Structures are given as C-alpha cells and as structure tokens.
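Please open the model in a viewer and keep the sequence panel at hand. The tour proceeds by selection, with a short account at each stop.

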Amino acid sequence: MTTDTATDVFEEHRPVLMGVAYRMLGRVADAEDVVQEAWLRWSGADRSDVREPRGYLVRVTTRLAIDRLRQVQSRNEAYPGPWLPEPYVTDYGATVPDTVERAVLTDTVSLAVLVVMESLSPLERAVFVLREAFGYPYVEIAAMIDRAEPAVRQLAGRARRHVDERRPRYEVDPAERRELTERFLVAAAGGDLDGLMSLLAPDVRLVGDGGGLGKAPVRVLETADRVGRFLHGAAGKGVQDVSFRFMEINGGFAAVLLSGGKVDSVFQLDVADGRIQCIYVVRNPQKLLSLTVDQ
C-alpha cells in the first residue's frame, strides 16, 4: 500500500473514526487529537497484512480514546457547574440515507445520551458506542478492546441498562422541536414571560454549561417557574448585536446565538406533547471554538 493509497484509505474512514472518538469523549478537540494520533499510527505501521483497514483503524482509535477518556474524566470531576458535551455539527446529508441508521446515529450522539454516557466507565462507553452506534458484533469488539467476548457482553448489558434507565423517556419530533425552538427564541428575546411559560412543561429542566468562563446557572434549574424567570431575567440583561443561526447539532435542530457576529451560545431543546421538557445551553467559550457558522 503506497503512502498516497494509505492517505486515501484513512480519509475514507475519517468520518467513522471521528464519530467513534467524539461519542467516546464528548469534546471535538479531544476527538480530533485522537484521530490525528490514529493517523500517525496508521501511516507508520506495516500495513502489508492489514486485510480490513476500517476495523484496524477503529480498533486503534477506540484504544486511544479509552486512554484519553481516562485522563479527561478526572478533569471533568472538577468541572465548575453542569457539564455538557461540546456541540458537534451532524448534518449527515445524503451520506446516511437509511432512516433506521440515521436514527441510531442521531440517538447515540444526542446531548441527553452523551450526558448519561459520561457516567459510564471507559470500557463500558467504548463497548456501548461500538455496539449501539456502529453495530459491531461482540466478537469484533472483544478484539478491539482486548477482552473476552463474555466480558464484552457483560459490559454491553451494564452500559445499556444504565443508559436506558437515565435517558429521557420521551421522543423528540424534529418538526415540533424546530417550531418550539423558534417560538421559544421569539418569546425569550422579546422578554415575553407569559409566552415563555406557555411553552414550558411544568417539570422542565434547564442545563447550562458555562465552564466557569461564560455566564450560566451553576446548577440545573427545575420547574417552569424557575426556568421561565431565569430566562426572562437573562433576556432583560441582554446580549449586544444579537442574531441567530439554525443548525443540526448533535443530531437535532439547534439555535446558535451570535453576538457581534461571534458565537455566544448554543441552545437545544428536548420537546414532547407540545411543551419544552429540557433546555440545553452551552456558553463555555472553549466549547464553541470549533463551531463554524456562515455569516
């Protein structure tokens, strides 16, 4: 395999490798570092006996991501306030035409599921990602993480139960999410408290990630009264020269707020039964660096 061919093969599989690494780590910069290290391993390896490049590359990426996850989990334990994954643009376009496959990829990259996955062990998370998002057989996963197949099945079972017990119990309709997001932004930007309250479920939650660098609640807010009044107060203080862009982020419709043309925050809503169930707000500027928005 020539150097040019090796580069072409790697680039062909880069989206999958990035998908594995991001789901493992929840941070674009960390995922990109892992994929770059996988490229270095691939370019310097003896590839003459590699029969399945994709499997080889996924194995290398998974093992690197497990090592990186062990490092960042200790970092996240000291994180100031609620933690959310770094927003990740996921417009699959025509690359994922199958409805079922698209639904699986979307679910395993959603903010809600990634937050739950944060409490899994590195090995549990690796098995969950490889099995649930990418459909690898247990025997292949066992080879990738150097564990016996029965042990992998146990890890998968524990991880799946953990995620199922803690993930949201409602389905998110894309059209409904878009409509409510637009109505939510109009009410919030206009300081319309009554309008906001009419959109919020009684037990709505607001999870804000400022990382100690951007203004956000230091704990999760719950109930429509608390969330509505917080948003109303925040709108009253205002952000200068505000504009919005709509994008598909983490598999769902999201609003990107810009201030003076620069990304200030990302809003994403979980909705059901015509009401907003949860509001995710990312305002940590370090988590917004990789987000490119057309002006």
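The stops below cover helix packing, one residue in a helix, aromatic pairs and one residue in a loop.

This is a predicted model, in which local features need pLDDT of at least 70 and side-chain atom pairs count only at pLDDT 80 or more, while totals for chains, interfaces and linings use all residues. Residues are numbered from 1 along each chain as its sequence is written, and side-chain values use heavy atoms, with hydrogens and water left out.

**Stop 1: helix H8**

Select residues 149–166, which form helix H8. Helices (H or I, at least four residues) and strands (E, at least two) are DSSP runs, numbered from the N terminus. The 18 residues of H8 should span 26 Å at 1.5 Å a residue, and the end C-alpha atoms agree with this, being 26 Å apart; the expected span is 1.5 Å times one less than the number of residues.

Colour Val152, Leu155, Ala156, Gly157, Ala159, His162 and Val163 next: these residues of H8 are buried. Buried means under 20% relative accessible area, exposed over 50% and partly exposed in between (1.4 Å probe, protein chains only). The cover over the buried residues of H8 includes helix H5 (111–117), helix H6 (122–133) and H7.

**Stop 2: H7 against H8**

Add helix H7, residues 138–145, whose axis lies 9 Å from that of H8 at an angle of about 100°. Axes are lines fitted to C-alpha atoms, for helices over the stretch in contact, and angles run from 0 to 180 degrees between N-to-C directions. H7 is therefore roughly perpendicular to H8 (under 35 degrees is roughly parallel, over 145 roughly antiparallel, 65 to 115 roughly perpendicular, the rest oblique).

From H7, the contact (heavy atoms within 4.5 Å) involves Tyr138, Val139, Ile141, Ala142 and Ile145. H8 contributes Glu149, Val152, Arg153, Leu155, Ala156 and Arg160.

**Stop 3: H6 against H8**

Now show H6, which packs on H8 at about 85° with the axes 8 Å apart. This makes H6 roughly perpendicular to H8 as well. Among the residues in contact are Leu123, Val127 and Phe128 of H6 and Val152, Ala159 and Val163 of H8.

**Stop 4: Leu130**

Within H6, select Leu130. With 0% relative accessibility, Leu130 counts as buried. Beyond residues up to four places away in sequence, Leu130 touches Val20, Val58, Thr62, Gly135, Tyr136, Ile141 and Met144. The C-alpha atoms of Leu130 and Ile141 are 7.0 Å apart, with their positions 11 residues apart in sequence.

**Stop 5: aromatic pairs**

How many aromatic pairs does the structure hold? There are 5. Rings of Phe, Tyr and Trp (its six-membered ring) pair if their centres lie within 6.5 Å; planes under 30 degrees apart are stacked, over 60 edge-to-face, and the rest tilted.

Display Phe184 and Phe267, a tilted pair at 6.2 Å centre to centre with 55° between the planes. Phe184 belongs to helix H9 (residues 174–189) and Phe267 to strand E5 (residues 262–272), so that the pair links parts of the chain 83 residues apart. Both rings belong to buried residues.

Move to Phe246 and Phe253, which are stacked at 5.1 Å centre to centre and 20° between the planes. Phe246 is partly exposed at 37% relative accessibility, whereas Phe253 is buried at 13%.

**Stop 6: Val220**

Finish at Val220, in the loop between strand E1 (200–209) and strand E2 (221–222). Val220 is partly exposed, with a relative accessible area of 26%. Neighbours within four places aside, Val220 is in contact with Pro82, Arg205, Leu206 and Val207.
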